[in-house]
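Please read the following walk through one protein chain with the sequence and the coordinates side by side. The account moves from a single helix to its surroundings, and then to a sheet.

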Amino acid sequence: MLDTPDTLDTSDGPQQRPQSLMLAFFGNHVLEEGDLCVYSGSIIDALGRVGVGEQAVRSTLTRMVNRGLLRRQREGRRMYFGLTPQATRVLQDGRTRIWKQGAVNDDWDGAWTLLGFSLPDSWKRQRHDLRSRLTWSGFGALYSGLWIAPGNVDAAGIVSELGLTAHVKIFHAQADEATDIELMIRDTWDLESIAARYVTFDKRWTAHQGAATGDDPIGTLLRLVSEWLWTIRTDPRLPARHLPPAWPARPAQETFRRVAAETAAPAQRMARELLETTPSR
């Protein structure tokens with residue numbers, strides 16, 4: 001969802017970066033609660049449950065304020081943090097991807113979105129930002145300056161937000177019969193890597209089922225959601241009928257939703273007891 005990698009991928013699974021975990025925390029416990037700000041001490045406690053130290057939390061809060069993702073609100077001698085409109089859009093987009101769209105695309109109508117761009121060589125940051133946003137939105141590089149995504153993707157909003165409208169052309173099209181769609185998919189996306197993420201997630205979280213909440217549902221839900229977002233981050237939701245047999249996204253999604261169903265209510269109850277919040281103003 002953002003323009004920097006959100007994890008370090010290791011043999012023990014994804015090691016979540018503090019900013020990714022911070023966004024997951026606010027998505028879990030603030031997004032649907034109205035305009036609230038959370039006391040910094042509560043945030044330090046919550047992220048400490050997944051191994052993020054106090055100094056890392058404080059520096060991450062500062063960076064996210066500077067990037068326009070969080071805002072500060074002082075109450076006496078205490079500092080509280082709340083979501084900005086930009087962060088709210090990011091989290092709502094993630095929620096749509098998780099709960100409404102899902103990881104499996106069974107209803108593809110044959111449409112593709114094509115996006116071509118040409119940026120000056122010196123625009124490295126803009127190129128990186130555009131590619132990151134396109135990847136999250138389901139695009140893959142068909143050629144160096146021509147990207148493609150299944151379905152009718154509203155790419156104009158992405159391009160406009162980045163200020164690149166004058167440098168991008170967008171088309172919606174159908175593939176000609178001469179096009180081997182399955183070959184194109186294999187050439188454009190790293191299916192083995194995408195599948196491996198789902199398999200890894202499914203194996204790790206299947207072991208948590210039935211004991212998912214434990215003594216720390218806040219930490220469990222935080223890890224679950226941030227790891228699932230990492231898992232689906234580079235999955236463009238390709239048409240199911242053009243993917244290899246037994247595509248692992250479906251069982252992984254079922255595992256995610258089962259563990260989430262076991263964990264969400266206890267996590268919300270604990271959060272209401274432990275998190276110190278104040279209305280935004």
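At the start of α7, which backbone nitrogen does a side-chain oxygen of aspartate 180 reach? The backbone nitrogen belongs to glutamate 182, and the oxygen comes to within 3.2 Å of it. This is a predicted model, in which local features need pLDDT of at least 70 and side-chain atom pairs count only at pLDDT 80 or more, while totals for chains, interfaces and linings use all residues. Residues are numbered from 1 along each chain as its sequence is written, and side-chain values use heavy atoms, with hydrogens and water left out.

Helix α7 spans residues 181-188 (helices, H or I, of at least four residues and strands, E, of at least two are DSSP runs, numbered from the N terminus), and Ile181, Met184, Ile185 and Thr188 are buried in it, where buried means under 20% relative accessible area with a 1.4 Å probe and protein chains only. Seen down the axis of α7, these buried residues fall within an arc of 100°, taken from the directions from the helix axis to the C-beta atoms, so they line one face of the helix. The elements that cover them include β6 (111-117), β7 (140-143), β8 (146-150) and α8 (191-206).

Two of these covering strands, β7 and β8, run antiparallel and are joined by three bridges (two strands pair if DSSP finds at least two bridges between them). A hairpin of two residues leads from β7 to β8, and tyrosine 143 has leucine 146 in β8 as its bridge partner.

A further helix, α9 (residues 217-232), contains threonine 231, which counts as buried because its relative accessibility is 1%. Leaving aside residues up to four places away in sequence, threonine 231 touches Arg197, Tyr198 and Phe201, contact meaning heavy atoms within 4.5 Å.

Elsewhere, four strands form an open sheet in the order β4-β5-β3-β10, with antiparallel pairing. Because β4 (70-75) and β10 (277-279) stand at the edges with a single partner strand each, one side of each is left without a neighbour in the sheet. Between β3 (residues 36-39) and β10, which run antiparallel, there are three bridges, and valine 38 stands opposite threonine 277 in β10. Helix α2 (residues 40-48) packs on the sheet, touching β3 and β5 (78-83), and its direction makes about 70° with that of β3, where axes are lines fitted to C-alpha atoms, for helices over the stretch in contact, and angles run from 0 to 180 degrees between N-to-C directions.

Technical notes: Buried means under 20% relative accessible area, exposed over 50%, partly exposed in between (1.4 Å probe, protein chains only). A polar contact is a pair of N or O atoms within 3.5 Å; within protein, one must be able to donate a hydrogen and the other to accept it, and residues adjacent in sequence count only if both atoms are side-chain atoms.
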